[in-house]
Amino acid sequence: MRRNRNTSLDTVVTDFILLGLAHPPNLRAFLFLVFFLIYILTQLGNLLILLTVWADPKLHARPMYILLGVLSFLDMWLSSVIVPRLILNFTPVSKAIPFGGCAAQLYFFHFLGSTQCFLYTLMAYDRYLAICQPLRYPVLMNGKLCTILVAGAWAAGSIHGSIQVTLTFRLPYCGPNQIDYFICDIPAVLRLACADTTVNELVTFVDIGVVAASCFMLILLSYANIVHAILKIRTADGRRRAFSTCGSHLTVVTVYYVPCIFIYLRAGSKSPLDGAVAVFYTVVTPLLNPLIYTLRNQEVKSALKRLRAGRGNVDGDK
């Protein structure tokens, strides 16, 4: 889309104003408390998962739970990149964010978000191998390979974030400087550019939308094979355990990918729904992940019971 602005190109934007989420003024204090509580619960819930995986020998020796620990770590950082700035929108403090700060937020948002996207795909692949190739699973997915794949996901996420921030902030920004969004994200920032953004929108569509959609399709393909294999399990208990383990991951994937694809396959959209949808996958999903994995995953619940029992024994010895 070509941008035609009357503002002089000699004017250089040094900071941006994040307008945040539209809300009635009388709900400002309430929304502040809601998002503050979400942030605290997100950090505590994911920290609990991370510590449980690290402390329980039965979990941290298995690739599935190594990946779950990495997911919790990503959720903690992704929430920290988004929610504190969102909370500031409900306070009297200045909504300004420096140009460099905006670039940093966009980089870390896409770095962590895309790493999470790749991680979900690895988790689906891990479940596919565990259920469809159970005898070869220890060879096909061991600790060393899991570490290499996770490192590859981090590297790919970093490259993706670097590409997006470079393409976005190479453009001139000469005013206005008000971002009609709650974070510095590509579609909202590009609307303020004083130059043609066609290339940026095309790269956004391909690098984010198509890649996310492709990962989602790979995950669905993995789960189609998984469901087919589960239905062949003869015992009802075996089917129940397999569905419980995979159901947790599939639920998390759905609530993350569907809103993400909705946003970035419509990069030029100005729909008022975009903000609400973005809040769901950037703020709510990191909160839901530990709840979903602890409520639906029997092994995580058993590990938490063992930790509580061990803590109780230590206190009793004292």
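Trainee: Helices are DSSP runs of H or I with at least four residues, numbered from the N terminus. With that in mind, in which helix is Ile219 placed?
Mentor: Ile219 sits in helix α8. Please keep in mind that this is a predicted model.

Trainee: Is Ile219 buried or exposed?
Mentor: Ile219 counts as buried, because its relative accessibility is 0%.

Trainee: And which residues is Ile219 in contact with, leaving aside neighbours within four places in sequence?
Mentor: The contacts of Ile219 are Tyr120, Thr121, Ala124, Val253 and Tyr257, once neighbours within four places in sequence are set aside. Tyr120 is 99 residues from Ile219 along the chain, and the C-alpha atoms of these two residues are separated by 7.9 Å.

Trainee: Let us step back. How many helices and strands does the protein have?
Mentor: There are 11 helices and 3 strands in the protein. Read from the N terminus, the order of elements is β-α-α-α-β-α-α-α-β-α-α-α-α-α.

Trainee: How do the strands fit together, and in what order?
Mentor: The 3 strands form an open sheet with mixed pairing, in the order β2-β1-β3. At its edges are β2 (96–98) and β3 (178–179), each of which pairs on one side only.

Trainee: In which sense do β1 and β3 pair?
Mentor: The pairing of β1 with β3 is parallel and involves 2 bridges. Within that pairing, Leu18 has Ile179 of β3 as its bridge partner.

Trainee: What follows β1 (15–18) before α1 (28–55)?
Mentor: A loop connects β1 to α1, and Leu21 lies in that loop. Leu21 has contacts with Phe35, Leu86, Phe182, Gly275 and Val279, leaving aside neighbours within four places in sequence. Gly275 is 254 residues from Leu21 along the chain, yet their C-alpha atoms are separated by 6.9 Å.

Trainee: Phe35 is a contact of Leu21; which residues of α1 are buried?
Mentor: Phe35 itself is among the buried residues of α1, which also include Leu31, Ile38, Tyr39, Thr42, Gln43 and Asn46. As for its span, α1 has 28 residues and reaches 40 Å from first C-alpha to last, close to the 40 Å expected at 1.5 Å a residue.

Trainee: What about α4 (residues 99–132): how far does it reach?
Mentor: From its first C-alpha to its last, α4 reaches 49 Å with 34 residues, close to the 50 Å expected at 1.5 Å a residue.

Trainee: Why is α4 described as largely enclosed by the rest of the structure?
Mentor: The reason is that 25 of the 34 residues of α4 are buried.

Trainee: Changing topic, how many salt bridges does a search of the whole structure find?
Mentor: The search finds 1 salt bridge. It joins the side chains of Arg127 and Asp126, at 2.9 Å from N to O. Both Arg127 and Asp126 are buried. Side chains of opposite charge can pair when their charged atoms come close.

Trainee: Turning to α6 (residues 143–169), where Gln164 lies: is Gln164 buried or exposed?
Mentor: Gln164 is buried, since its relative accessible area is 2%. Not counting residues up to four places away in sequence, Gln164 touches Leu106, Ile186, Val203, Thr204, Asp207 and Ile208.

Trainee: Trp154 lies in α6 as well. What is its relative accessible area?
Mentor: The value for Trp154 is 23%, so Trp154 is partly exposed. Trp154 touches Val70, Phe73, Leu74, Phe111, Leu112 and Thr115, with residues up to four places away in sequence not counted. The C-alpha atoms of Trp154 and Ser114, 40 residues apart along the chain, are separated by 8.6 Å.

Trainee: Now the surface. Which residues make the nonpolar patch of about 330 Å²?
Mentor: The patch is made by Leu202, Phe205, Val206 and Val210. Leu202 belongs to helix α8 (residues 198–230). With 54% relative accessibility, Leu202 counts as exposed, whereas Ile219, at 0%, counts as buried.

Trainee: Finally, what percentage of the 318 residues counts as buried?
Mentor: The buried portion is 48% of the 318 residues. The protein exposes about 15400 Å², of which carbon and sulfur atoms supply 69%.

Trainee: And how much of the contact network is between residues 24 or more positions apart?
Mentor: Such residues account for 80% of the contacts with a separation of 6 or more.

Technical notes. Residues are numbered from 1 along each chain as its sequence is written. This is a predicted model: local features need pLDDT of at least 70, side-chain atom pairs count only at pLDDT 80 or more; totals for chains, interfaces and linings use all residues. Side-chain values use heavy atoms; hydrogens and water are left out. A salt bridge is a side-chain nitrogen of Lys or Arg within 4 Å of a carboxyl oxygen of Asp or Glu. Buried means under 20% relative accessible area, exposed over 50%, partly exposed in between (1.4 Å probe, protein chains only). Contact means heavy atoms within 4.5 Å. The expected span of a helix is 1.5 Å times one less than its number of residues. Patches are made of residues with over 30% relative accessible area and no salt bridge: like charges are joined within 9 Å, nonpolar side chains (Val, Leu, Ile, Met, Phe, Trp, Tyr) within 5 Å. Accessible areas come from the Shrake-Rupley method with a 1.4 Å probe; for residues, only the protein chains shown count as cover. Two strands pair if DSSP finds at least two bridges between them.
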